[in-house]
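Let us take a walk through this model together, pausing at a few places where strands and helices meet. Have the sequence and the 3D view open side by side as you read.

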Amino acid sequence: MFDLVIVGAGLSGIRAAKKAAELGVKNAVVVDYLDKAGGFTLPYFGTPEFDQETKQLENISLPFPIWTKSMVVGLFAGEEDQPHQLYIQKSDVTEMIETRHLLIASGSLEKPREAHRVPGERPSGVMTPYLAMRLLLKGEVPGKRVLSVGDTRMHRCLEERLIDSGCEVTSFNNKEIDVSHILGSSRVSGVQYIDTKTMEQNSWEGDTFIFSKDRIPCTFFLKGTPVERDRKHAVIIDSDGRTNIPRIYAVGSCTPYGDDNHSNSIQLVDQHLAALWKEMVSLED
Amino acid sequence: MQSWGGDMQRGSYDVLVIGGGVVGCSILRELAFYDLKVGLIEKQPDLCEGTSKANSGIVHTGFDAKPGTVEAECLKRSRAVWPELIEKLRIPYIPCGAVMVATNEEEWEIIQKKYVPNAAANGVDVEIIDRETCLGMNPDLSAAVVGGLVIPGEAICDPFWATRAHAELAALNGAEILLGNGVVSINEIEDGYRVFLENNRQIETRFLVNAAGLWSDEIARMVGDTSFSISPRKGEFLLIEEEIQISQIILPVPTAKSKGILVSPVVFGGFLLGPTAEDISDKMDRSTSRSGIEQIKEGTDKLIPGVGMRDSIRQFAGVRAVCSTGDFVIRPSKVSPNMVHAAGIRSTGLSASPGIALMVLEQLQSVGLELFPKENAIDSLEDIFDKESVEGSGEVVCICRSVTMSEILGALNRPICPATIDGVKRRTGATLGECQGNVCIPQIMELIRDKTGQTTLFKGLQGSLLSKPMGEGGAGRV
């Protein structure tokens with residue numbers, strides 16, 4: 001049985017793991033479905049906009065393992081003093097582990113067009129920055145004439161990289177325009193939008209539409225469990241990081257305190273997990 | 001362009017089916033049980049890209065079909081065959097039943113005066129239930145409900161699975177399938193046809209089955225047959241992710257134009273609201289609209305108040321093929337009898353697909369096709385294709401839906417699997433979750449490329465190239 005399992009090896013999860021290690025925790029594991037630590041901001045590492053994050057995740061050395069390619073697919077919360085049970089889907093096996101304390105640091109995804117009910121055709125070429133960035137990293141340009149609509153530094157960082165790759169990029173944030181219709185039967189060919197200042201209808205033509213607004217907390221594995229989430233599926237916590245279930249905590253962009261830019265994921269670990277750190281300190285005794 | 005079973009380069013066929021939707025695939029499955037050289041041609045890069053792609057997935061009993069129509073007859077035959085088909089093709093299927101609810105006295109009258117006798121005329125079991133029973137089985141229903149008509153035989157299934165499972169069984173029995181290539185023209189020759197495809201390919205066949213859905217009138221015209229025309233009628237859907245307290249498919253009392261906007265559980269989870277019914281002019285128009293979403297909200301509001309406001313992750317639109325004759329057209333062409341039509345399947349294609357196939361075979365026989373059952377025909381899909389047991393492939397690729405790499409590899413190993421992301425989506429459920437593929441698509445692309453060796457990938461329809469390698473002629477424009 002583990003003393004602590006951290007779900008998510010992103011910004012919050014790794015920060016929490018380091019802190020736990022500082023406090024002397026040894027019987028722990030960090031679990032992440034990706035093939036290395038870094039979470040959803042991984043594609044942006046090395047870019048100037050994500051300098052701080054890149055530094056945070058360089059040279060991670062922990063006294064306990066990070067299981068990669070491992071995803072939590074089930075949680076059975078232990079009643080009273082019983083440990084919590086987690087089912088982890090790994091490459092070779094589905095493993096059941098038990099832990100006294102569970103920290104959910106599973107992050108969040110960019111919320112795509114469909115979740116916002118943006119009307120129009122459903123062509124290819126419409127994607128979130130996360131998808132576009134990863135295609136770029138694989139040596140594939142999503143398109144040539146790009147419209148990027150979004151508020152986050154991921155959008156801005158992607159736009160720079162697209163321009164570097166020779167794309168023509170038009171950029172807006174979600175306050176400036178309201179997307180009203182997507183055109184294109186197999187590939188996107190254009191977007192109609194309303195300028196929120198003038199309320200005029202405008203039209204953009206191109207082959208790629210990068211869109212995201214708000215975020216989706218990655219809490220799918222909590223469906224059907226007693227851990228309470230809000231209407232946006234974020235894990236509800238108090239200011240010390242406790243969920244409604246004893247010995248289950250949450251931190252970062254999977255909670256309502258996180259933000260779409262993932263810009264406070266690290267400091268939330270330091271400032272809003274007092275309940276967990278208190279427990280970790282008393283483990284030493 | 002991809003092909004299975006053979007590459008249709010040369011040789012002559014006994015029967016060629018035009019159209020890879022649920023109807024065409026079902027017909028191919030039936031044909032493949034006989035000693036015949038048969039094939040199917042589909043214009044898009046995958047099966048199931050037309051009307052079969054975007055529908056409610058409901059297996060209708062036909063209780064409300066107009067008695068005496070070809071549609072009613074096909075549905076009747078299908079009812080007898082469905083239980084076996086589900087088992088043999090392993091179709092995900094939930095026999096949840098449906099209830100047609102009356103939200104006022106007028107609708108209650110219509111149910112009792114029209115639908116009860118209609119169901120009886122079609123031989124379908126139904127049961128009148130009172131308000132309390134209705135609400136007991138479906139607590140989220142509007143308090144205005146007066147009563148309901150339960151049709152226990154109605155069910156939901158996975159329409160993608162059904163479509164390709166028909167075709168997979170056909171392929172296992174030696175049928176050939178050509179994807180990504182469409183029919184351009186048809187010449188009559190002695191004892192059959194020469195069919196011209198895109199890329200100047202030609203195939204000869206003794207008989208043709210016209211199962212081209214929305215384009216079946218255009219195929220008919222290629223042999224000079226103008227006896228029917230198809231007009232598109234769009235239906236928009238909203239997929240709700242939140243839990244709705246219903247245990248059955250909730251049907252409104254229909255209008256003249258369509259079965260109405262319903263609320264239905266979905267085999268993959270979630271609930272479907274829709275469809276609308278809008279006559280459009282472009283057969284390829286699958287756009288969703290603000291007004292469509294409003295109509296869905298309005299239509300479902302009277303069944304389940306506020307349901308249209310719940311969390312949704314996806315909206316889509318399908319297009320029905322509405323026939324000028326008002327019924328299915330399942331008969332030889334009067335102009336060129338070796339072509340048998342399976343056209344005008346407006347609304348119940350999935351449900352009627354087994355019965356349509358049987359009727360088409362009879363029609364083919366009536367114009368001279370001889371049917372000798374194949375020895376050792378395979379009659380069911382084995383489970384062996386479900387998971388590729390490659391070591392170290394248990395990791396999750398689609399995190400919203402927990403779809404593992406081994407499931408995706410398994411899908412790519414199935415008898416027919418194209419090199420499109422939508423193809424993987426329909427076979428595994430990947431990309432159907434909250435993030436709509438924005439997380440898992442790159443990995444899926446890699447798996448498809450490794451498996452098929454194809455470097456350029458399509459998302460779905462021809463021309464819907466997802467991205468282009470940077471080296472190839474610069475930043476790609478599609």
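**Strands, a loop and a helix pair**

In this predicted model, strand β13 (residues 190-195) of chain A and strand β14 (residues 201-205) of chain A run antiparallel and are joined by five bridges. If you would like a pair to find on screen, look for I194(A), which stands opposite Q201(A) in β14(A). The hairpin of β13(A) and β14(A) has five residues between the strands, and M199(A) takes a positive phi near 60° there.

Now turn to the other partner of β13(A). Six bridges connect β12(A) with β13(A), and these two strands also run antiparallel. Here V179(A) is found opposite Y193(A) in β13(A). Put together, the strands of chain A form an open sheet of three, in the order β12-β13-β14, with antiparallel pairing. Its edge strands are β12 (177-183) and β14 of chain A, each of which pairs on one side only. From one strand to the next, the twist averages 25°. As a reminder while you trace the pairs, strands of a sheet pair through backbone hydrogen bonds, either parallel or antiparallel.

Staying in chain A, move on to the loop between β16 (215-217) and β17 (248-250), where you will find G224(A). Is this residue, G224(A), buried or exposed? Its relative accessibility is 85%, and exposed means over 50%, so G224(A) counts as exposed. For a sense of scale, G224(A) and Y44(A) are 180 residues apart in sequence, and their C-alpha atoms are 33 Å apart in space.

Chain B offers another open sheet of three strands, with the order β4-β9-β5 and antiparallel pairing. At the edges stand β4 (58-59) and β5 (93-94) of chain B; each has a single partner strand, so one side of each is left without a neighbour in the sheet. Two bridges join β4(B) to strand β9 (residues 155-157) of chain B, and the two run antiparallel. To locate this pairing, start from I58(B), whose bridge partner in β9(B) is I156(B).

Our last stop is a pair of helices in chain B. The axes of α9 (residues 405-412) and α10 (residues 421-428) of chain B come within 9 Å and cross at roughly 110°. Angles of 65 to 115 degrees count as roughly perpendicular, and α9(B) and α10(B) are therefore roughly perpendicular to each other. Their crossing is right-handed. On the α9(B) side, the contact is made by E407(B), I408(B), A411(B) and L412(B), while α10(B) contributes V424(B), R427(B) and T428(B). These contact residues divide into four nonpolar, one polar and two charged.

How values were computed: Residues are numbered from 1 along each chain as its sequence is written. Chains are lettered from A and ligands numbered from 1 in the order in which they are written. This is a predicted model: local features need pLDDT of at least 70, side-chain atom pairs count only at pLDDT 80 or more; totals for chains, interfaces and linings use all residues. Side-chain values use heavy atoms; hydrogens and water are left out. Axes are lines fitted to C-alpha atoms, for helices over the stretch in contact, and angles run from 0 to 180 degrees between N-to-C directions. Helices (H or I, at least four residues) and strands (E, at least two) are DSSP runs, numbered from the N terminus. Angles under 35 degrees count as roughly parallel, over 145 as roughly antiparallel, 65 to 115 as roughly perpendicular and the rest as oblique. A crossing is left-handed if the near helix is turned anticlockwise from the far one by less than a right angle, and right-handed if clockwise. Contact means heavy atoms within 4.5 Å. Ala, Val, Leu, Ile, Met, Phe, Trp, Tyr, Cys and Pro count as nonpolar, Asp, Glu, Lys and Arg as charged, and the others, Gly among them, as polar. Two strands pair if DSSP finds at least two bridges between them. Buried means under 20% relative accessible area, exposed over 50%, partly exposed in between (1.4 Å probe, protein chains only).
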